[in-house]
Amino acid sequence: MLRVLLLLPIASYRNQDFLDAAHKLGVEVVSAADHCPQFAPQRGLSPILSLHFDQPETAAAQVLASLGRRVDAVLAVDDAGVELAAVLREKLGLPGNAPEAVRPTRDKLAFRQLLQQNGLNCPAFHHLAGASEARALAAQLHYPVVVKARRLSASRGVIRADDAQDLLQQVRRVSRIQSGADRDAGALGLIVESFIPGSEHALEGLLENGQLRVLALFDKPDPLDGPYFEESIYVTPSRLSSELQTAIADSVQRVCAAAGLSHGAIHAEMRVNDTGVWLLEIAARSIGGLCGRMLRWRLGMTLEELILRHALGLPITQPEHSDASGVMMIPVPRRGIYQSVMGLEAAREVPHIEDIRITTVPGQRIAPAPEGASYLGFIFSRAATPAAAEAALRSAHAKLVFDIQPDLALAKSTAR
Ligand code: ADP
């Protein structure tokens with residue numbers, strides 16, 4: 001029986017989908033989690049617990065000491081475990097991206113340096129080692145710029161600044177967000193880069209011997225101009241011209257080659273304007289949240305099954321398809337405590353809506369970007385055209401009414 005070591009972060013949306021895919025393929029799972037034994041007992045998994053995914057070398061030693069029998073693949077379910085997975089594969093002699101290839105994809109500053117060193121499209125960027133340097137930098141910049149935390153995801157800690165005074169304010173805010181979310185915040189500092197205008201897109205791909213296979217190219221039809229950049233709708237296939245679609249795939253392929261990424265799933269985000277394709281990031285993992293579920297029909301299997309098959313060398317056949325599909329990451333409208341949702345049934349009845357998943361639980365504290373990094377849930381659509389798939393998402397969303405109560409504990413602490 002094939003065995004896979006899955007790195008399961010407690011907060012991931014995707015643990016269950018990976019476990020289901022492994023179950024379907026009859027693959028034995030060894031789970032390694034950053035927290036409690038949430039998934040192990042009922043699935044008969046042998047768990048390795050309490051790993052610090054952000055300390056890959058220490059965590060790898062811990063895993064190797066507990067692993068026992070050989071595994072055939074190591075996969076990170078989400079961003080958090082990507083570097084640890086690479087370190088483990090290297091130590092176990094399994095195929096996959098080397099840790100040096102993965103590292104620049106986990107750090108927005110290192111990623112910009114990679115683009116610059118390889119002569120690829122890259123906005124002007126600056127490393128801000130400490131907030132005290134912000135005043136001097138503020139005077140030199142051409143605005144607007146984007147201030148970013150270095151290692152967070154889902155647009156957490158990413159804010160546009162429009163002038164010098166705004167910059168100082170946003171640097172303070174992003175520093176606060178990063179300090180609350182990354183134990184290395186003090187050493188990391190922030191990155192400040194020029195704002196790239198244009199439309200935004202994303203590419204889901206699979207690398208095999210360094211060759212990129214595009215699984216899907218997405219349009220993000222809502223303008224993402226800031227000051228905050230909360231994601232909402234993704235629709236595939238893209239409505240861009242085939243020339244631009246090829247240019248995007250070429251850029252992603254070039255950056256993967258420059259980084260040394262050669263194996264497995266990648267997810268890339270980019271902006272496109274008159275001057276070309278501008279990569280925002282490439283992650284050595286598949287699309288986050290539950291968004292991958294929109295690809296089931298296109299792939300003829302779940303994205304998680306495809307990734308497992310690839311990692312284990314099992315055959316992958318993709319069907320012909322013609323439909324468009326879309327997902328909306330339901331934005332958090334305001335900070336507070338989520339109570340309930342009304343209108344779900346009516347929203348599910350909207351033509352072309354395939355599914356709606358509310359992933360927030362009653363009583364959960366929620367916050368929009370740039371402080372928050374999660375969504376209220378996901379709406380999935382499938383239709384004959386991208387426009388119809390997009391329209392269905394918008395009308396389903398319009399039927400949902402969320403009850404979000406003020407967070408009194410927060411109000412008290414800010415009033416103090
Ligand atoms: P994350 O990994 O948190 O998603 P990104 O660097 O991809 O961080 O930024 C999140 C979003 O912020 C992007 O999807 C984009 O909309 C916006 N963004 C980031 N950098 C820029 C930039 N230089 N110019 C314009 N928009 C940007």
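These entries record what I looked up about the ligand site and about strand 9 in a predicted model.

**Entry 1: ligand shell.** I listed the residues around the ligand and found 20, of which Lys 108, Ser 155, Glu 193, Ile 196 and Glu 200 come nearest. I then sorted the shell by class, which gave nine nonpolar, three polar and eight charged residues.

**Entry 2: polar contacts.** I looked for N or O atoms close to the oxygen atoms of the ligand. A polar side-chain atom of Lys 108 lies 2.8 Å from a ligand oxygen. For Arg 271, I noted a side-chain N or O atom at 3.3 Å from an oxygen atom of the ligand. The backbone also takes part, as a polar backbone atom of Ala 154 is 3.3 Å from a ligand oxygen.

**Entry 3: cover.** I computed how much of the ligand is enclosed: on its own it has 540 Å² of accessible area, and the protein covers 99% of this. I also recorded that strand 6 (145-148), strand 8 (190-194) and strand 13 (276-283) are the elements that give two or more residues to the shell.

**Entry 4: strand 9.** I turned to strand 9 (residues 199-208), where eight of the 10 residues are buried. I checked its pairing with strand 12 (residues 264-273) and found an antiparallel arrangement over nine bridges, with Gly 205 opposite Ile 266. Strand 10 (residues 211-220) also pairs with strand 9 in the antiparallel sense, over nine bridges; here Leu 203 has Leu 217 as its bridge partner.

**Entry 5: turn.** I examined the connection between strand 9 and strand 10, which form a hairpin with two residues between them. In this turn, Asn 209 has a positive phi of about 50 degrees.

Terms used
Residues numbered from 1 in each chain as written. Predicted model: local features only at pLDDT ≥ 70, side-chain atom pairs only at ≥ 80, totals over all residues. Heavy atoms only, no water. Near = heavy atom within 4 Å. Polar contact = N/O pair within 3.5 Å; in protein donor to acceptor, adjacent residues only side chain to side chain. Areas by Shrake-Rupley, 256 points an atom, 1.4 Å probe, with all protein chains shown as cover. Helix = DSSP H or I, 4+ residues; strand = E, 2+ residues; numbered from the N terminus. Nonpolar A, V, L, I, M, F, W, Y, C, P; charged D, E, K, R; others polar. Buried < 20%, exposed > 50% of the residue type's maximum accessible area, 1.4 Å probe, protein only. Pairing = 2+ DSSP bridges.
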